[in-house]
Amino acid sequence: MTQDKEPIIRTFRFACIVTLLVGTIIQFSDESEFVDMSKKGLTRVPRELPPRTKILDISQNCISELPISDISFLSELKVLRLSYNRLQLLDLSVFKFNQNLEYLDVSHNQLQKMACSPIAGLKHLDLSFNDFDVLPICAEFGNFTQLNFLGLSAMRFRHLDLLPVAHLHLNYILLDLGGYYVKQSEIETLQILNTKTLHLVFHPNSLFSVHMNISVNTLGCLLLSNIKLNDKNCKAFTTFLLGLTSGPTLLNLTLNHVETTWKCLVRIFQFLWPKPVEYLNIYNLTIVENISEEKIVYSETTLKALKIEHVTNRVFLFSQTALYKVFSEMNIGMLTISDTPFIHMLCPGAPSIFRFLNFTRNVFTDSIFQTCSTLVNLETLILQKNGLKNLFKVSLMTKSMTSLEILDVSWNSLESHGLEGNCSWVESIVALNLSSNTLTASVFRCLPPKVRILDLHNNRIATIPRDVTHLEALQELNVAFNSLSDLPGCGTFSHLSVLIIDHNSISHPSADFFQSCLKIRSVKAGHNPFRCTCELRGFIQNIGHMPGEVVWDWPDSYRCDYPESYKGTPLKDFHMSPLICNPTLLIVTIGATVLVLAATVTFLCRYLDLPWYLRMVCQWTQTRRRARNIPIEELQRNLQFHAFVSYSGHDSFWVKNELLPNLEKENLQICLHERNFVPGKSIVENIINCIEKSYKSIFVLSPNFIQSEWCHYELYFAHHNLFHEGSDNLILILLEPIPQNSIPSRYHKLKALITQRTYLEWPTEKSKRGLFWANIRAAFNTKLALVTDNDD
């Protein structure tokens with residue numbers, strides 16, 4: 001019997017149908033362990049489930065029995081979904097160890113029998129779409145004091161079937177009447193005492209044939225699904241509704257999956273009009289057989305809103321007037337007809353009380369409501385997803401709608417080419433939605449003068465004209481998903497407070513936007529191809545200082561697109577030096593640096609003799625390097641002195657009082673002619689002998705040195721030894737300056753040495769002499785081991 005049943009419970013759009021089914025799941029999803037074993041082909045509950053499981057979904061499997069051993073170890077279980085399985089028997093005692101169980105769904109099984117047992121904390125119990133002969137209500141159900149949702153199914157009903165739960169205050173009762181059958185001559189009675197929402201589901205493929213009187217106390221929402229009507233059984237349906245719609249608390253009536261003739265539909269309207277229902281919703285309506293003119297007189301009604309969504313018309317030849325007149329003459333405040341094949345809607349014949357009209361997803365054209373002067377009370381008009389093309393005709397349509405405040409014509413094919421301010425909008429419009437069309441910049445010359453909220457996103461707007469003067473009232477502007485290259489100035493929109501301009505082509509937004517738009521309290525400008533160059537620094541600084549509630553998508557949606565090296569970098573992390581971005585500042589900085597450097601060098605050269613210090617440091621460095629590169633073994637052979645000093649007798653005072661004390665305190669052995677020449681040997685022989693036995697030869701150069709012929713001999717022999725030995729053993733000290741022209745031509749060796757070799761100048765300032773002696777000492781290897789010449 002269950003094979004021909006289909007899942008037909010749907011989620012409805014208004015508050016009365018928000019059931020505990022959703023609420024319970026949301027309540028525990030954050031705090032519980034969820035295990036989803038649905039659609040696994042299981043034949044029994046898996047044994048390896050975590051013992052702390054709180055939500056278990058094993059729906060859409062092949063489970064045919066539920067022994068206590070399969071479920072008892074889940075002591076913390078709160079939600080169990082067992083729908084769409086093959087259960088034939090349910091014993092509620094299997095849950096005696098699941099004391100926390102609150103949600104149990106065993107719908108869409110093959111249940112025929114049920115053994116009852118108390119489950120104190122149960123809030124949601126769904127037994128619908130099973131094969132019960134009578135309602136599976138036990139006396140124990142009276143103890144389910146927390147029960148909010150109860151789903152049931154049966155083939156026949158008895159008047160007091162629901163008596164055990166009469167004292168419970170249920171929020172939602174679902175009755176599956178798909179298998180219900182009773183002889184046409186018999187009428188059953190069912191009393192449902194307390195529930196806020198009653199949902200009755202009929203057989204999806206059978207004509208309506210339920211003969212039952214159902215009475216409900218405190219019913220607020222009534223839902224009927226799978227209603228198949230024709231002209232013959234239409235009376236039976238309205239009779240069935242009679243008892244359900246007579247209560248004063250019923251506010252919402254929803255008919256879902258309705259197949260009916262046009263004549264029967266008009267009868268249903270006529271029947272419901274005087275009832276206390278305030279909101280009538282019809283979803284998935286199919287009109288069959290024929291459509292002819294039906295006379296209907298709308299009486300006074302409490303109905304506030306009629307919503308019809310998704311209409312299928314199987315009648316191809318019919319009178320358009322007969323169809324549309326039924327709706328256009330309704331005396332209600334709100335009418336919604338969406339997702340239908342309607343190509344037109346008539347203008348009411350007399351001034352209408354319509355305040356809200358929603359014709360989304362129809363096939364309306366530019367002729368809709370042209371020259372219509374009876375919609376004087378209309379405040380909101382929604383024409384989304386139709387076939388509108390001409391913006392001028394849309395504006396003309398509103399001319400007589402003197403109360404119109406909100407107009408939505410988004411998702412059409414509207415164009416604004418050739419419009420030069422000739423549009424004829426009614427001045428009462430304050431909110432206009434023109435999004436998802438093909439509008440360009442010229443649309444700003446065809447807008448209502450007092451519009452405060454304007455939605456133009458997803459169009460083809462490349463610029464916003466700066467000479468628009470009639471939009472001073474504009475407060476909120478949405479131009480996202482266009483081709484704009486810059487932020488608009490607020491000179492045109494002096495009261496602008498909200499701007500949405502993301503997903504455009506803005507690469508260099510104006511840095512002064514926030515200074516010119518002082519009333520701005522919210523801006524969204526992310527997801528644009530920002531060029532991270534110097535020009536963007538001002539904008540980043542300004543937007544970074546704005547509060548988060550003003551720039552609510554900062555910084556995540558603001559990233560560099562160019563240059564490639566910065567691509568993807570958040571704007572808040574992009575930094576460039578002010579010197580790079582300001583050529584004048586860069587030139588001034590370089591000039592100032594050069595001037596300071598030049599002044600510093602001049603000061604050092606003039607007052608601190610910097611060139612001399614540099615030269616001395618260079619000499620010291622070179623001397624140390626040469627001394628370290630000579631192997632110690634080569635230095636030690638036959639050396640008795642660290643240095644031989646050659647000087648003029650006129651300079652002996654300086655040698656004995658300055659040179660010798662500073663060298664000998666470093667344990668250097670110094671050879672002087674007056675104390676180390678061997679008596680009996682010739683002067684030339686002594687000179688040669690001392691030079692050969694000395695590691696270095698120091699020559700104290702001065703004008704007196706030039707006048708000494710012996711000094712020249714000593715220099716000659718030392719220079720000869722330099723080339724003969726291949727070492728660098730000369731140290732030249734310039735005690736006093738020697739003019740080149742004062743050196744006799746016969747002393748060409750001396751001229752060449754002074755010209756070619758580096759010499760040390762004796763500084764007259766005492767502050768420089770420390771570096772001078774450091775250079776002298778650097779030329780010697782203090783680890784040098786000297787030998788003693790016993791022959792001498």
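# A guided tour of the predicted model

Begin by selecting Cys116 and Cys138, whose sulfur atoms lie 1.5 Å apart and form a disulfide. The link of Cys116 and Cys138 is right-handed, with 40° about the S-S bond. Cys116 sits in the loop between strand 6 (113–115) and strand 7 (124–126), while Cys138 sits in the loop between strand 7 and strand 8 (149–153), so the pair ties together parts that are 22 residues apart in sequence. Both Cys116 and Cys138 are buried.

**The whole chain**

Before going further, show the whole protein and keep in mind that this is a predicted model, with a mean pLDDT of 83 and with 85% of the residues reaching 70 or more. Now select residues 1–32, where pLDDT stays under 50 and for which the model has 66 contacts beyond four places in sequence. Colouring by secondary structure will bring up 18 helices and 31 strands. Of the 792 residues of the protein, 51% count as buried, and the accessible surface comes to about 37500 Å², with 53% of that surface belonging to carbon and sulfur atoms. Among the contacts with a separation of 6 or more, 61% are between residues 24 or more positions apart.

**Further disulfides**

The structure holds 6 disulfides, and two others are worth a stop here. Select Cys423 and Cys446, which form a disulfide with their sulfur atoms 1.4 Å apart; the link of Cys423 and Cys446 is left-handed, with -100° about the S-S bond. This pair links distant parts of the chain, since Cys423 is in the loop between strand 19 (406–408) and strand 20 (431–433), and Cys446 is in the loop between strand 20 and strand 21 (453–455), 23 residues apart. Are Cys423 and Cys446 buried or exposed? Both Cys423 and Cys446 are buried.

Next, select Cys490 and Cys517, joined by a disulfide with an S to S distance of 1.8 Å. The link of Cys490 and Cys517 is right-handed, with 105° about the S-S bond. Cys490 belongs to the loop between strand 22 (476–478) and strand 23 (498–500), and Cys517 to the loop between helix 6 (513–516) and strand 24 (522–524), so the pair ties together parts that are 27 residues apart in sequence. Cys490 and Cys517 are both buried.

**A cysteine pair without a bond**

Move on to Cys671 and Cys690. Why is there no disulfide between Cys671 and Cys690? The closest cysteine sulfur to that of Cys671 is in Cys690, at 3.2 Å, which is too far for a bond, because a disulfide requires the sulfur atoms to be within 2.5 Å. Cys671 is buried, with a relative accessible area of 0%, and Cys690 is buried as well, with a relative accessible area of 3%.

**Helix 3 and its surroundings**

Select residues 262–272, which make up helix 3, a mostly covered helix in which 8 of the 11 residues are buried. Display the side chains of the buried residues, namely Trp262, Cys264, Leu265, Val266, Ile268, Phe269, Phe271 and Leu272. What do the buried residues of helix 3 pack against? Their packing partners are helix 2 (234–244), strand 13 (252–261), strand 14 (279–288), strand 15 (305–313) and helix 4 (320–328), so that adding these elements to the view shows the surroundings of the helix.

**Salt bridges**

A search of the whole structure finds 16 salt bridges. For one of them, select Arg47 and Asp70, whose side chains meet at 3.2 Å, N to O. Arg47 is in the loop between strand 1 (34–36) and strand 2 (55–57), and Asp70 is in the loop between strand 2 and strand 3 (79–81), 23 residues apart. Asp70 is buried, with a relative accessible area of 0%.

Another salt bridge is formed by the side chains of Lys572 and Asp573, also listed at 3.2 Å, N to O. Lys572 is partly exposed, with a relative accessible area of 41%, and Asp573 counts as partly exposed at 41% relative accessibility.

Finally, select Arg777 and Glu666, which form a salt bridge whose closest N and O atoms are 3.8 Å apart. Arg777 lies in helix 18 (residues 769–778) and Glu666 in the loop between helix 12 (652–664) and strand 28 (670–671), so the pair ties together parts that are 111 residues apart in sequence. Arg777 counts as partly exposed at 28% relative accessibility, and Glu666 counts as partly exposed at 31%. To close, add Arg44 to Arg47 and Asp70, because salt bridges that share partners join these three residues into one network.

Notes: Residues numbered from 1 in each chain as written. Predicted model: local features only at pLDDT ≥ 70, side-chain atom pairs only at ≥ 80, totals over all residues. Heavy atoms only, no water. pLDDT = per-residue confidence, 0-100. Contact = heavy atoms within 4.5 Å. Helix = DSSP H or I, 4+ residues; strand = E, 2+ residues; numbered from the N terminus. Buried < 20%, exposed > 50% of the residue type's maximum accessible area, 1.4 Å probe, protein only. Areas by Shrake-Rupley, 256 points an atom, 1.4 Å probe, with all protein chains shown as cover. Salt bridge = Lys/Arg side-chain N within 4 Å of Asp/Glu carboxyl O.
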